[in-house]
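Reader: Please take a close look at a single part of the structure shown here, and set it in the context of the rest of the chain. I would like the cut-offs behind each term as well.

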Amino acid sequence: MFFIPCIKWNKHYYVRTSCCNTLYELDPEMGKAIARGEQVLIRPEHLQRISKVTYGYNYKHCNYCGYETAEKFEYCPKCGKKF
């Protein structure tokens, strides 16, 4: 007997911008609409930023104060918390 998955679950949709190469997770309903071939307008409220990469540099984002940097700091230069 073989297991053949019939139900798909935990599907995620992603958007990567062409200007700064930032990766966003797209709202699942919007992703399903795009997969069905529908024309959709993606708004900022449909996106959740995953990572930001600009010109080959990985940006670090402080979860405490929101500071962003491309430097390889281990601690945030603004608030002192660990990245």
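Author: What follows starts with the basis of the account, then turns to the sheet and to what lies around it.

This is a predicted model, in which local features need pLDDT of at least 70 and side-chain atom pairs count only at pLDDT 80 or more, while totals for chains, interfaces and linings use all residues. Residues are numbered from 1 along each chain as its sequence is written, and side-chain values use heavy atoms, with hydrogens and water left out.

The protein chain has one helix and seven strands; helices (H or I, at least four residues) and strands (E, at least two) are DSSP runs numbered from the N terminus. Along the sequence their pattern is β-β-α-β-β-β-β-β.

The part to look at is an open sheet of three strands, in the order β1-β2-β3 and with antiparallel pairing. Two strands count as paired if DSSP finds at least two bridges between them. β1 (13-16) and β3 (47-51) are the edge strands, and each has a single partner, so one side of each is left without a neighbour in the sheet. From one strand to the next, the twist averages 35 degrees. Angles run from 0 to 180 degrees between N-to-C directions, and axes are lines fitted to C-alpha atoms, for helices over the stretch in contact. Between β1 and β2 (residues 23-26), which run antiparallel, there are four bridges. Y13 has L26 in β2 opposite it.

Helix α1 (residues 28-35) lies across β1 and β2, at about 85 degrees to β2. Contact here means heavy atoms within 4.5 Å. Within α1, K32 forms a salt bridge with E29, with 3.7 Å between the closest N and O atoms. A salt bridge is a side-chain nitrogen of Lys or Arg within 4 Å of a carboxyl oxygen of Asp or Glu. K32 and E29 are three residues apart, about one turn of the helix. K32 is partly exposed, with a relative accessible area of 37%; buried means under 20%, exposed over 50%, and partly exposed in between, with a 1.4 Å probe and protein chains only.

I34 is also found in helix α1 and, at 38% relative accessibility, counts as partly exposed. Together with V40 and I42, I34 makes a nonpolar surface patch of about 200 Å². Patches are made of residues with over 30% relative accessible area and no salt bridge; like charges are joined within 9 Å, and nonpolar side chains (Val, Leu, Ile, Met, Phe, Trp, Tyr) within 5 Å. Accessible areas come from the Shrake-Rupley method with a 1.4 Å probe, and for residues only the protein chains shown count as cover.

At the β3 edge, R49 forms a salt bridge with E68, the closest N and O atoms being 2.4 Å apart. This pair links distant parts of the chain, since R49 is in strand β3 and E68 in strand β7 (residues 68-69), 19 residues apart. R49 is partly exposed at 34% relative accessible area, and E68 is partly exposed at 26%.

The structure holds four salt bridges; one of them joins K82 to E74, at 3.5 Å between the closest N and O atoms. For the whole chain, 17% of the 83 residues count as buried. The chain exposes about 7,200 Å², of which carbon and sulfur atoms supply 53%.
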